[in-house]
Amino acid sequence: MEIKTLLILILILFVYSLIGGAIMMALEQAKEETASTDIITTLSTFLTDHSSCMTSSELSTLLTEVKDAYDSGVRSVIGNTSAATQWDFGNSIFFVVTAITTIGYGNQTPATKGGQAFIVIFALIGIPVTGLIITGLAEKIKKLNSYFTNKKIPCLNKYTKTEKGFKYFLLYFTTICLLILIPSAIISAIEDWAYGEAIYYTVITFTTIGFGDFVVGTTTEGGTKIVYKLLVIIWIFTGLAWVGALIGECTETAKAFTEKKEKKQNISQHTAQVREETHDDRM
């Protein structure tokens, strides 16, 4: 890729990021300010109503301890000591998988020094291995895609461009249904999320953004949770491989287009140079 092309892409990405940041600020900032005002009002009212038994510093200490407990994995502070833990076997497997796939939802983090040290070492070894696996799966998916797109459709033999467009449409529509639309409907039903939220979670997961505002399996318990999360892990690996294959195909197409354009420019420059030399010889 030429420096000029690379600089143009960097500029496009920079402007794209500025626009994205501006839109997100416009969409989210007002709600954040409202939430901030509401909680300040709520705390002020609470302190006024309970001024005889609690000071602002005591309330601050209580809220800090609740937050620390929540960050450590405690999800119930209403005296229920048998509440589900974040660090049962199913959740722990899901956590390490999201770490080595670089999704890292952030809703669950190690609170001990030992856990923090271990996951660093585990991730440094696991991420390259996971990358190799996903790359291998992506290559298999690309081969399947090529096999499908190279097959001839008898009724469209005379219409090459139409046949090619139809096959790509059918391929990607089927894939999107199998990996995004149908699984999102299942997840929506299990997690009691809106369908749009489930699709949002799916895309955020497959792109390894992993915001962590929506995470599967936080309400299911027991053996069902382990089976459910194992199925989700298989689905995630398949989705990551498909996204990898898609990015690879887009990159190859863009590279081929760029090389073709550069080759055309070089031929034009060479032709112009030859004409100029021929003209000078005649003179």
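**Exercise 1. Show why α1 and α2 are oblique to each other in this predicted model, and describe their contact.**

Solution. Residues are numbered from 1 along each chain as its sequence is written. Because the model is predicted, local features require pLDDT of at least 70 and side-chain atom pairs count only at pLDDT 80 or more, while totals for chains, interfaces and linings use all residues; side-chain values use heavy atoms, with hydrogens and water left out.

Step 1. Identify the elements: helix α1 covers residues 3–49 and helix α2 covers residues 56–71. Helices are DSSP runs of H or I with at least four residues, strands are runs of E with at least two, and both are numbered from the N terminus.

Step 2. Obtain the geometry. Two packed helices are described by the angle between their axes and the distance between the axes. The axes of α1 and α2 come within 10 Å and cross at roughly 125°. Axes are lines fitted to C-alpha atoms, for helices over the stretch in contact, and angles between N-to-C directions run from 0 to 180 degrees.

Step 3. Classify the angle. Angles under 35 degrees count as roughly parallel, over 145 as roughly antiparallel, 65 to 115 as roughly perpendicular, and the rest as oblique. The pair α1 and α2 is therefore oblique.

Step 4. Assign the hand: the crossing of α1 and α2 is right-handed. A crossing has this hand if the near helix is turned clockwise from the far one by less than a right angle, and is left-handed if anticlockwise.

Step 5. List the contact (heavy atoms within 4.5 Å). From α1 come L43, F46 and L47, and from α2 come S56, L59 and L63. Five of these residues are nonpolar, one is polar and none is charged. Ala, Val, Leu, Ile, Met, Phe, Trp, Tyr, Cys and Pro count as nonpolar, Asp, Glu, Lys and Arg as charged, and the others, Gly among them, as polar.

**Exercise 2. Analyse the packing of α3 and α4.**

Solution. Step 1. The axes of α3 and α4 are 8 Å apart, and the helices pack at an angle of about 60°. That angle makes α3 oblique to α4.

Step 2. The crossing of α3 and α4 is right-handed.

Step 3. On the α3 side, F95, V96, A99 and I100 take part; they meet I119, F122, A123, G126, I127 and T130 of α4. By class, the contact of α3 with α4 contains eight nonpolar, two polar and no charged residues.

**Exercise 3. Which elements give two or more residues to the largest nonpolar core, and what does F94 touch?**

Solution. Step 1. Define the core: a set of buried Ala, Val, Leu, Ile, Met, Phe, Trp, Tyr and Cys residues joined through side-chain atoms within 4.5 Å. Buried means under 20% relative accessible area, exposed over 50%, and partly exposed in between (1.4 Å probe, protein chains only).

Step 2. The largest nonpolar core has 28 residues, of which F94, I187, Y201, V216, V232, W235 and I236 touch the most other members.

Step 3. The elements giving two or more residues to this core are α3 (89–100), α4 (113–150), α5 (160–191), α6 (195–206) and α7 (222–282). The most come from α7, with 11 residues.

Step 4. Leaving aside residues up to four places away in sequence, F94 touches Y105, Y201, V215, V216, K229, V232, I233 and I236.

**Exercise 4. Are T102 and D192 exposed or partly exposed?**

Solution. Step 1. T102 is placed in the loop between α3 and α4, and D192 in the loop between α5 and α6.

Step 2. Neither T102 nor D192 is a glycine, yet phi is positive at about 65° for T102 and about 60° for D192.

Step 3. T102 is partly exposed, with a relative accessible area of 42%. D192, at 70%, is exposed.
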